Amino acid sequence: MADYVEAAKRLRSNPTEWERIKEAAKQEGRVVVVGPGFPALRDGVIEGFQRAYGIAVEYLGLPSGEVITRVDRESRVGNVTVDVNIGGTSSCWIMAERGQIDDVTSLLVDPSIYDPSIWWGGVPRLILPSPKLPQSFMCGLQTAEWVMTDLFVNNQIIPPSSITSWRDLLKPEFRGRIAAFDPRRAGPGQTPAGYLYALFGEQYVRDLYIGQQVVLTTDNRQLAEWVARGTYPIGIALVQAAVEPLRAQGLPLERVFPEDGPGALTGGFGTVHKIKGGPHPNAAAVFINWFASREAQEMYERAMLETSLRTDVPHQVPEYVIPRPGVNYSINDYHPGYFFSQREPAIAKLQELLGR
């Protein structure tokens with residue numbers, strides 16, 4: 001936590017600049033936001049920002065990989081159409097290293113977000129720089145942290161008690177019955193893949209993804225449906241925003257916590273970044289400050305079921321994403337010290353093994 005506190009020392013409340021940005025944003029009149037394609041998040045962003053500032057939002061729901069490709073293509077031809085990205089740290093680092101993200105520190109000026117009591121750790125959490133970025137460059141703001149939803153089963157087909165270790169997934173009877181979010185693509189599949197590589201090494205990851213014939217998808221809803229309907233009754237990297245609507249219908253999805261790997265901490269989709277050269281720069285800055293507000297974080301937590309880092313947000317998330325007392329979560333998936341030394345090599349190895 002100390003490095004996050006150190007990074008936040010560069011932040012400064014600036015009431016005069018905040019008023020100037022808000023006025024300029026009203027003149028721009030709209031902001032284009034790209035993020036995960038969950039309807040509750042899209043509707044919450046559009047309605048919440050309009051209500052707070054009277055500024056219209058065009059929300060584009062796209063997978064992380066498509067966001068990166070789109071921003072890169074538009075930046076190269078000098079025709080950027082997106083202002084803000086809601087996504088993960090890997091997207092932020094990739095685009096920032098290409099010069100396509102603005103440093104967030106000068107944008108966070110709203111005095112209302114600077115009360116130390118409203119943030120876990122006492123400060124807004126900035127995304128620490130990757131090794132290829134200047135160490136003073138912060139590409140975004142992280143607003144959520146929770147235990148990654150590594151492993152789910154259809155408990156009417158696979159008894160949860162049959163998986164007490166991650167190595168149990170290598171049992172012959174599970175071959176061809178496991179699905180996962182594609183770890184070669186930006187998105188939730190990379191968190192558990194990197195975590196498993198760090199815990200058990202290359203051979204385990206090879207035996208799991210290749211030896212067990214894991215079926216891959218880049219569609220969060222499809223993955224949750226596969227497990228819930230029993231098409232593939234074991235799922236890796238389901239996200240709770242896709243899981244909980246199915247559980248509400250009575251479908252038998254259950255989170256499993258293997259004893260030899262209780263999960264990694266992650267920020268999920270809960271980071272926000274300003275795209276360099278976007279058409280509405282002031283509205284984008286207002287949006288990023290609003291995203292850190294209590295109103296926005298209550299909306300985000302309801303929509304995405306990811307635990308906000310604001311202490312004044314009453315948590316209404318599934319119990320399986322809340323860190324459990326007495327459990328040592330040794331891996332923080334959003335910290336560059338782990339990400340670039342362990343997770344990134346793991347993903348590169350998987351891309352080599354599985355093909356791109």
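Is Gln 213 buried, exposed or partly exposed? Hold that thought for a moment. This is a predicted model, and I'll start with the answer. Gln 213 has 48% relative accessibility, so the residue counts as partly exposed, the cut-off for exposed being over 50%.

Now the backbone there. Most residues other than glycine have a negative phi. Gln 213 is not a glycine, yet its phi is positive, about 55°. The residue sits in the loop between α7 (202–211) and β9 (215–217).

Next case: Ala 237. Here too we have a residue that is not a glycine, with a positive phi of about 75°. Its loop runs between β10 (234–236) and α9 (240–248). What about cover? Ala 237 is at 0% relative accessibility, so it counts as buried. To put the two together: Gln 213 is partly exposed, whereas Ala 237 is buried.

Let's zoom out to the whole chain. There are 12 helices and 13 strands. The radius of gyration is 20 Å, and the globule rule gives 21 Å for 356 residues, so the chain is as compact as a globular protein of that length. Along the principal axes, the C-alpha atoms fill a box of roughly 65 × 40 × 35 Å. Buried residues make up 59% of the 356.

Contacts next. Take those between residues at least 6 apart in sequence: 78% of them join residues at least 24 apart.

Surface and charge. The accessible surface is about 13,900 Å², and carbon and sulfur atoms hold 49% of that. I count 35 positive and 40 negative side chains, with the centres of the two sets 3 Å apart.

Now to helix α5, residues 89–97. How many of its nine residues are buried? Seven, so to speak, are under cover. Among them are Cys 92, Trp 93 and Met 95. The cover includes two helices, α4 (64–77) and α12 (336–354), and two strands, β3 (84–87) and β13 (271–274). Just past the helix, Gly 99 takes a positive phi of about 80°.

Stay with Cys 92. A search of the whole structure turns up one disulfide. The bond joins Cys 92 to Cys 139, with the sulfurs 2.1 Å apart. Where are the two ends? Cys 92 is in helix α5, while Cys 139 is in the loop between β4 (125–126) and β5 (141–142). They are 47 residues apart, so the pair links distant parts of the chain. Both cysteines are buried.

That's the tour. Questions, please.

Conventions
Residues numbered from 1 in each chain as written. Predicted model: local features only at pLDDT ≥ 70, side-chain atom pairs only at ≥ 80, totals over all residues. Heavy atoms only, no water. Helix = DSSP H or I, 4+ residues; strand = E, 2+ residues; numbered from the N terminus. Rg over C-alpha atoms; globule rule 2.2 N^0.38 Å. Buried < 20%, exposed > 50% of the residue type's maximum accessible area, 1.4 Å probe, protein only. Contact = heavy atoms within 4.5 Å. Areas by Shrake-Rupley, 256 points an atom, 1.4 Å probe, with all protein chains shown as cover. Lys, Arg positive; Asp, Glu negative; His and termini not counted. Charge placed at Lys NZ, Arg CZ, Asp CG, Glu CD. Disulfide = S-S within 2.5 Å.
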